[in-house]
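Student: I would like to work through this protein chain with you, from its overall fold down to single residues.

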Amino acid sequence: MAYKSAIEWTDATWNPVTGCTKVSRGCDNCYAERIAERFRGTPGHSYERGFDLTLRPERLDQPLSWKRPRMIFVNSMSDLFHKDIPTQFIDSIFDIMETADWHVFQILTKRSSLMRDYLRRRYGSTLAPRHIWCGVSVEDSRATARIQHLRDAPISIRFLSVEPLLGPLGEIDLTGISWVIVGGESGPNARPMKPEWVLEVRNLCKQEKVPFFFKQWGGQTPKSGGRLLEGVEHNATPTYLREENMDVLPVAR
């Protein structure tokens, strides 16, 4: 587990699985693949196998030892709903998340229909616990079908990661969406993001009263273009209350 994360919208990362395969153009310049492949073939390194899909059962219990409540991005170096991850292993990850209910867990996928189907099987007619947030990546208008899959999943907190934003999203329905994150691509082959694409999403969030978080413009590095949108940082996050005692978890920034 990374006890601190450089990702602006989370506190830490937990990677019980690493590695993945590409499913859409949003994956073309995957930052996680770039990081992992640097170490392919390095004996003893955690990424000795590069970005090959790898289950890491020794990491399953990590959140249980982390006593201070944090927002935890699950599988920042993979996709929890990759078709080659055994259902029993996903079950184990959800078992840990359900137990460690003092944290907020953030799950993000491009395999939205598989996530929807899994959540329906696990929770049936009930909702997933409120400290488990689920989101989908939406890089352009061709990926917006993922939003409906997310909306059809039995969860309370749904979020969109519009990163890397590679084209206009067009008209999208934010009904049932609790949070929208937007960001540009970073890295040596970063594709530029046009301001009008970002403003279109921001204005829709403002109209629909959905918290909007602007992560970065992107460029050669994540910090290259900064985080200001029309001179303002946008850091809104959902407000979340624990149902048992209504204590506010430290999620609002």
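What follows is a set of questions and answers on the fold, the cores and some individual residues.

Tutor: Before we start, note that this is a predicted model, in which local features need pLDDT of at least 70, side-chain atom pairs count only at pLDDT 80 or more, and totals for chains, interfaces and linings use all residues. Residues are numbered from 1 along each chain as its sequence is written, and side-chain values use heavy atoms, with hydrogens and water left out.

Student: In what pattern do the helices and strands follow one another along the sequence?

Tutor: Helices (H or I, at least four residues) and strands (E, at least two) are taken as DSSP runs, numbered from the N terminus. On that basis the protein chain holds five helices and nine strands. Their order along the sequence is β-β-α-β-β-α-β-α-β-α-β-β-α-β.

Student: What is the radius of gyration of the protein chain?

Tutor: The radius is taken over C-alpha atoms, and the globule rule is 2.2 Å times the number of residues to the power 0.38. For 253 residues that rule gives 18 Å, and the chain comes close to it, so it is as compact as a globular protein of that length; its radius of gyration is 17 Å.

Student: What share of the contacts with a separation of 6 or more joins residues 24 or more positions apart?

Tutor: Contact here means heavy atoms within 4.5 Å. Among the contacts of the protein chain with a separation of 6 or more, the share from residues 24 or more positions apart is 70%.

Student: Which residues of the largest nonpolar core touch the most other members?

Tutor: A nonpolar core is a set of buried Ala, Val, Leu, Ile, Met, Phe, Trp, Tyr and Cys residues joined through side-chain atoms within 4.5 Å, where buried means under 20% relative accessible area, exposed over 50%, and partly exposed in between (1.4 Å probe, protein chains only). In soluble globular proteins, nonpolar side chains tend to be buried together. The largest core has 54 residues, and those touching the most other members are F94, V180 and V182.

Student: Which residues are included in the second core?

Tutor: This core is separate from the largest one and has 12 residues. Its members include V104, F159, W179 and F213.

Student: Which residues does S178 contact, leaving aside its neighbours within four places in sequence?

Tutor: S178 sits in the loop between β7 and β8, and its relative accessible area of 17% makes it buried. With those neighbours left aside, its contacts are S156, I157, R158, V210, P211 and P238.

Student: Which residue does a cis peptide bond join to E163?

Tutor: Most residues other than glycine have a negative phi, and most peptide bonds are trans. Here omega is about -5°, and the partner of E163 is found in the loop between β7 (158–162) and β8 (179–183). That partner is P164.

Student: Is N75 buried or exposed?

Tutor: N75 lies in the loop between β4 (71–74) and α2 (87–99), and its phi is positive, about 60°, although it is not a glycine. With a relative accessible area of 2%, N75 is buried.

Student: Is K209 buried or exposed?

Tutor: K209 belongs to the loop between α5 (195–208) and β9 (212–216), and its phi, near 60°, is a positive value in a residue other than glycine. At 73% relative accessibility, K209 counts as exposed.
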